[in-house]
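Colleague: I am new to reading helical proteins, and I would love a close look at one part of this one. Could you walk me through how a pair of its helices sits together, and then what lies around that pair?

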Amino acid sequence: FKPVTKLFGFIPYAANILTIIGFLTLIFAVIDLLYFKNNIERQIWFLIAAWLTDLIDGPVARNNNNITAFGTIADHTRDSLLIFWIVFLSFYVTVALIMYAVLTITALGTLLAILLTRLYLIKKRQERSSQPYYDFMNEFLLNDLKTTFNARLRTFIVAVGMIFYLAGAIWSNSLYFQIGAALLLIQLVFLGFYLRDVFKMSYQK
């Protein structure tokens with residue numbers, strides 16, 4: 001996988017470009033369904049495209065020494081939008097009560113993680129109140145806001161699980177549906193680990 005990411009090394013800010021492409025893909029997906037009223041089946045391909053940018057933008061940035069503050073905040077924003085949009089689409093096709101519960105917990109857990117990260121930002125700003133805001137945000141995004149293994153794994157499982165779940169529901173494919181539902185149940189475990197990591201980060205001494 002690393003040799004593949006090295007191929008992007010000749011493109012300036014390649015990781016940021018990938019993240020922006022993923023973000024714009026999700027924005028277009030929202031417009032495509034809610035404004036143009038196109039078939040929901042198209043959403044599967046939009047989600048796959050957006051997820052692929054999430055899969056490779058981080059390694060591209062790390063392996064080419066191209067990690068930036070903008071890329072960090074853009075990546076977190078794209079990831080949150082990806083999860084919330086997939087949850088919305090999953091609600092759209094869900095009929096089983098237990099899956100409503102799983103999707104609700106997933107959405108609330110993501111919101112809680114965002115809130116805790118915000119509190120962590122406020123805490124760090126209070127500690128470094130004399131630092132110019134731009135310098136503070138740059139340092140915070142590059143040094144303080146670290147994406148943990150649990151966060152990456154959870155985002156991966158959620159994205160893959162919900163793509164299978166949606167594909168199974170839309171295409172009436174029971175195998176895809178069962179794989180997706182199983183992955184969504186498994187990701188709840190990693191959601192717990194992820195929230196633990198964010199809580200420890202937000203309230204560490």
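Modeller: Let's start with α7 and α8, whose axes cross at roughly 155° and come within 7 Å. Angles over 145 degrees count as roughly antiparallel, so α7 is roughly antiparallel to α8. The crossing of these two helices is left-handed. Sorted by class, the residues in the contact of α7 with α8 are 21 nonpolar, five polar and three charged. Please keep in mind that this is a predicted model.

Helix α8, residues 174–203, also packs against helix α5, residues 97–127. Here the angle is about 15° and the axes are 10 Å apart. Angles under 35 degrees count as roughly parallel, so α5 is roughly parallel to α8. The crossing of α5 and α8 is again a left-handed one. In the contact of α5 with α8 there are 20 nonpolar residues, along with five polar and one charged.

Now let's look at what the helices share. In soluble globular proteins, nonpolar side chains tend to be buried together. In this model, the largest nonpolar core has 29 residues, and L47, L82, W85, L89, M162 and L184 are those with the most contacts inside it. At least two residues of this core come from each of α2, α3, α4, α5, α7 and α8. Helix α7 gives the largest share, eight residues. For a closer view, take L82: beyond its neighbours up to four places away in sequence, L82 touches L26, L47, A50, W51 and A159. Another core, of 16 residues, lies apart from the largest one, and L116, F136, L141 and L195 are among its members.

Two more residues are worth finding on your screen. T25 is in helix α2, which covers residues 14–34. Its relative accessibility is 17%, and buried means under 20%, so T25 counts as buried. Leaving out neighbours within four places in sequence, T25 is in contact with F46, A49 and A50. A50 is also one of the residues that L82 touches.

W45, by contrast, belongs to helix α3. With 52% relative accessibility, W45 counts as exposed, because exposed means over 50%. If you would like to practise finding your way around, try going from W45 to F193: they are 148 residues apart in sequence, and their C-alpha atoms are 30 Å apart in space.

Conventions
Residues numbered from 1 in each chain as written. Predicted model: local features only at pLDDT ≥ 70, side-chain atom pairs only at ≥ 80, totals over all residues. Heavy atoms only, no water. Helix = DSSP H or I, 4+ residues; strand = E, 2+ residues; numbered from the N terminus. Buried < 20%, exposed > 50% of the residue type's maximum accessible area, 1.4 Å probe, protein only. Contact = heavy atoms within 4.5 Å. Axes fitted to C-alpha atoms, helices over the stretch in contact; angles between N-to-C directions. Parallel < 35°, antiparallel > 145°, perpendicular 65-115°, else oblique. Left-handed = near helix turned anticlockwise from the far one by under 90°. Nonpolar A, V, L, I, M, F, W, Y, C, P; charged D, E, K, R; others polar. Core = buried A, V, L, I, M, F, W, Y, C linked by side-chain atoms within 4.5 Å.
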